[in-house]
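Biologist: Please look closely at a single pocket of this model and describe what surrounds it. I would then like to see how that part is set within the rest of the chain.

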Amino acid sequence: MAEPRGPLMSPGFWLHHAALEWRATVERNLRPLGLTLTQFNLLASAGWLGRQGELPTQQQVVDMAGADRMMGSRVVRVLEDRALLVRRPDLDDARILRIEVTAEGRDLASRAIRIVVDTDLQVFGPDSDALRDQLRSIAARRGGR
């Protein structure tokens, strides 16, 4: 068993604090677009998945965004109320909702993606590929993407 060395020696401690800083910076940078980070994640995920083939289900969008099912449903409803996306019943199963991003939603998502890409560069620097790959490997352990 590893010996405790204090929080300042824990990568998890620094990951948590780095994530807090990244989130606060993204939220601040997205504010002029009227989007929260959760709204951005859901809108961008819907757009990305929609370009991969058939319209994604609401659950697929929520899963890709890493959102809680109930929270994701509420936020998708907010995005729909803003006319950024439309929820449609699946043709084969009315219990399943499919998400289509509207033209206005695609435009807003495109602008927001540019902001988040620039924020990643601002926070993580130009040489963040190794960090991204390591974090992706860790996230994949939870059955992630």
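Modeller: What follows begins with the pocket and moves outward through the core to the chain and some of its residues.

The model is predicted, so local features need pLDDT of at least 70 and side-chain atom pairs count only at pLDDT 80 or more, whereas totals for chains, interfaces and linings use all residues. Residues are numbered from 1 along each chain as its sequence is written, and side-chain values use heavy atoms, with hydrogens and water left out.

The second largest pocket has a volume of about 180 Å³. A pocket here is an open set of points on a 1 Å grid over the protein atoms alone, where a 1.4 Å probe fits and protein lies on both sides within 12 Å along at least five of seven lines, while lining residues have an atom within 4 Å of a point. The points are joined across faces, edges and corners, and the volume is the space filled by probe spheres set on them. Its lining consists of Thr57, Gln58, Gln59, Val62, Arg69, Met70, Ser73, Arg95, Ile96 and Leu97. By class these divide into four nonpolar, four polar and two charged residues, where Ala, Val, Leu, Ile, Met, Phe, Trp, Tyr, Cys and Pro count as nonpolar, Asp, Glu, Lys and Arg as charged, and the others, Gly among them, as polar. Helix 3 (58–65) and helix 4 (69–81) each contribute at least two residues to this lining; helices (H or I, at least four residues) and strands (E, at least two) are DSSP runs numbered from the N terminus.

Val62 leads from the pocket towards the core, since this lining residue is also among the residues that Leu42 touches. Leaving out residues up to four places away in sequence, Leu42 is in contact (heavy atoms within 4.5 Å) with Val61, Val62, Ala65, Ala67, Gly72, Val75, Val76 and Leu79. Leu42 and Leu79, together with Leu30, Phe40 and Leu43, have the most contacts inside the largest nonpolar core, which has 24 residues. Such a core is a set of buried Ala, Val, Leu, Ile, Met, Phe, Trp, Tyr and Cys residues joined through side-chain atoms within 4.5 Å, buried meaning under 20% relative accessible area, exposed over 50%, and partly exposed in between (1.4 Å probe, protein chains only). Two or more residues of this core come from each of helix 1 (11–30), helix 2 (37–50), helix 3, helix 4, strand 2 (97–101) and helix 5 (103–124), and helix 2 gives the most, with six residues. In soluble globular proteins, nonpolar side chains tend to be buried together.

The protein chain as a whole has six helices and two strands, which follow the pattern α-α-α-α-β-β-α-α along the sequence. Its C-alpha atoms fill a box of roughly 55 × 35 × 25 Å along the principal axes, and 29% of the 145 residues are buried. Among contacts between residues at least 6 apart in sequence, 52% join residues at least 24 apart.

Beyond helix 4, in the loop between it and strand 1, lies Ala83, whose phi is near 65 degrees, a positive value in a residue other than glycine. Most residues other than glycine have a negative phi, and most peptide bonds are trans. Ala83 counts as partly exposed because its relative accessible area is 38%. Val86, in strand 1 (residues 85–89), is likewise partly exposed, at 24% relative accessibility, and its C-alpha atom is separated by 15 Å from that of the pocket residue Val62, 24 residues apart along the chain. Outside its neighbours up to four places away, Val86 touches Glu80, Arg98, Ile99, Glu100 and Thr102. Thr102, in the loop between strand 2 and helix 5, in turn touches Ala83, Leu84, Leu85 and Val86, again not counting residues up to four places away.

Asn29, in helix 1, is partly exposed with a relative accessible area of 25%. Apart from its neighbours within four places, Asn29 is in contact with Ile115, Thr119 and Gln122, and the C-alpha atoms of Asn29 and Ile115, 86 residues apart along the chain, are separated by 6.8 Å.
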